Each structure stands twice: as C-alpha cells, then as structure tokens.
Amino acid sequence: MELIDFKQDETFNRLRSLIGSQEYGHFELFDPLRHLSWQERKSLSGHWVVIPTGVLHAYHDQTLAYKNSHVFSITEEHFHFSMCDKLKNRISQGRLAEIEITLNARLLEEKSVCEYCLHAVSYQGFDAYRRRHAEYNQQIIKTFSFRHYLQEKYKA
Ligand SMILES: [Zn+2]
C-alpha cells in the first residue's frame with residue numbers, strides 16, 4: 001500500500017499556510033502509563049485520589065509528579081508538592097504504601113505547606129535543617145503559594 005505524503009499535498013499545505021504554521025508539528029501517542037487520561041485529570045482536578053506511592057515520581061526540580069503532571073499530596077496537617085525527605089523516608093521505611101493526591105489547590109487551604117518540600121526545591125533559600133532561621137522559615141511557610149512558585153520558575 002502506498003501512503004500519501006501529506007507534506008506534498010497542496011490542500012494540506014494551503015491550510016497550513018492559512019493558519020500561519022511554518023512547522024509540520026508533531027504529536028505524542030497517548031501512553032496510559034505515562035500520561036494522565038482525561039478521566040484521571042478530571043477526578044484529580046476535583047478530589048483527592050488514592051494511589052500507590054510507588055508510582056509517584058519527581059521532576060528534575062524535585063517537584064512531585066504523577067505520570068505527566070504536577071500533583072499535591074497530603075499527610076496529616078501538611079501538603080506536599082515535592083518528593084521531599086519526609087515522603088522519601090516514609091516510603092522507604094514502608095510506612096506509606098498509598099497516598100492521596102490531587103491537582104486541586106483549593107483542597108489545600110486548610111493545610112500548611114511541608115517545610116521539607118520547601119527545602120527540597122531550595123525555595124527562597126529555605127533550609128528545614130537550620131533551626132536558627134525559624135522566624136524567616138515561618139514567614140515563608142505562611143506566605144507560600146505553589147502557583148506563584150511555578151510562575152516565578154517558568155517566567156524566563
Ligand atoms: Zn513534603
């Protein structure tokens with residue numbers, strides 16, 4: 001069977017120039033192991049969803065991820081946005097087989113940010129292990145916003 005080369009197709013190229021596209025573009029095939037499905041994204045956008053901790057991972061900047069998305073997780077009174085020491089320790093000690101995650105930042109309002117998460121991404125020089133900065137640390141914990149953190153990080 002001979003496949004049509006769309007790059008040589010006059011109609012296709014006319015359409016491409018009409019929408020002002022210089023490139024042919026590319027797309028990535030959906031992989032359910034690596035990409036959130038529409039349904040998963042929908043439920044994570046509204047609720048907490050329980051997943052095994054083994055499938056969590058971190059991006060290069062240590063922020064917490066499930067498949068191809070940033071996520072928040074929760075333990076007792078704190079929320080987490082990094083693969084921080086607290087989560088790592090609990091997972092490696094087998095004390096955290098499952099965890100609740102969400103994409104919905106509104107669900108975090110009652111909780112305060114985990115200081116080890118701030119430490120993991122070196123947020124504004126935050127150091128969870130140096131107690132003499134307690135006052136500075138408390139101020140950061142009070143005012144931290146993950147949305148602002150991402151905006152600052154990617155505004156370049
Ligand atoms: Zn944490």
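How many helices and how many strands are there in the chain? In this predicted model, the chain holds six helices and eight strands. Along the sequence these elements follow the pattern α-α-β-β-β-β-β-β-α-β-β-α-α-α. Two helices thus open the pattern and three helices end it.

The overall dimensions were computed next. The C-alpha atoms of the chain fill a box of roughly 70 × 35 × 25 Å along the principal axes. The radius of gyration of the chain is 21 Å, whereas a compact globule of 156 residues would have a value near 15 Å. Buried residues account for 20% of the 156 residues in the chain. Among contacts with a separation of 6 or more, 67% are made by residues 24 or more positions apart.

The strands were then examined by sheet. In general, strands of a sheet pair through backbone hydrogen bonds, in either a parallel or an antiparallel manner. One open sheet has five strands in the order β1-β7-β5-β6-β8, and its pairing is mixed. The edges of this sheet are taken by β1 (49-52) and β8 (112-113). Each of these edge strands has a single partner strand, so one side of each is left without a neighbour in the sheet.

Within the five-strand order, β5 stands between β7 and β6. Strand β5 (residues 72-75) pairs with strand β7 (residues 98-102) in the antiparallel sense over three bridges. Strand β5 also pairs with strand β6 (residues 78-80), again antiparallel and over three bridges. Ile74 takes part in both pairings: its bridge partner in β7 is Glu100, and in β6 it stands opposite Phe79. Thr75 stands opposite His78 in β6. Strands β5 and β6 form a hairpin with two residues between them. Glu76, in the turn of this hairpin, has a positive phi of about 40 degrees.

A further open sheet consists of three strands in the order β2-β3-β4, with antiparallel pairing. Its edge strands are β2 (56-58) and β4 (69-70), each of which pairs on one side only. Strand β3 (residues 64-66) is joined to β4 by two bridges, and the two run antiparallel. In this pairing, Tyr66 stands opposite Ser69 in β4.

Attention then turned to the interior. In soluble globular proteins, nonpolar side chains tend to be buried together. The largest nonpolar core of the model has 22 residues. Those that touch the most other members are Val71, Met83, Cys84, Ile101, Cys114 and Cys117. At least two residues of this core come from each of β3, β7 and α4. Helix α4 gives the most, with four residues.

Met83, one of the core residues named above, was also examined for its contacts. When neighbours within four places in sequence are left aside, Met83 is in contact with Leu56, Ala58, Gln62, Leu64, Lys88 and Ala120. One of these residues, Leu56, falls in the edge strand β2 (56-58). Another of them, Leu64, falls in strand β3 (residues 64-66).

The remaining results concern the loop between α4 (115-120) and α5 (134-143), in which Ser122 is found. Ser122 has a positive phi of about 50 degrees, although it is not a glycine. Ser122 counts as exposed because it has 11 C-beta neighbours inside 10 Å, and the cut-off for an exposed residue is 12 or fewer. Gln124 lies in the loop between α4 and α5 as well. The phi of Gln124 is near 45 degrees, a positive value in a residue other than glycine. With 14 other C-beta atoms within 10 Å, Gln124 is partly exposed.

Ala128 is also found in the loop between α4 and α5. This residue is partly exposed, with 17 other C-beta atoms within 10 Å; a buried residue would need 20 or more. Leaving aside neighbours within four places in sequence, Ala128 is in contact with Glu115, Tyr116, Leu118 and His119. Ala128 and Leu118 are 10 residues apart along the chain, and their C-alpha atoms are separated by 7.8 Å.

Conventions:
Residues numbered from 1 in each chain as written. Predicted model: local features only at pLDDT ≥ 70, side-chain atom pairs only at ≥ 80, totals over all residues. Pairing = 2+ DSSP bridges. Rg over C-alpha atoms; globule rule 2.2 N^0.38 Å. Contact = placed C-beta atoms within 7 Å. Core = buried A, V, L, I, M, F, W, Y, C linked by C-beta atoms within 7 Å.
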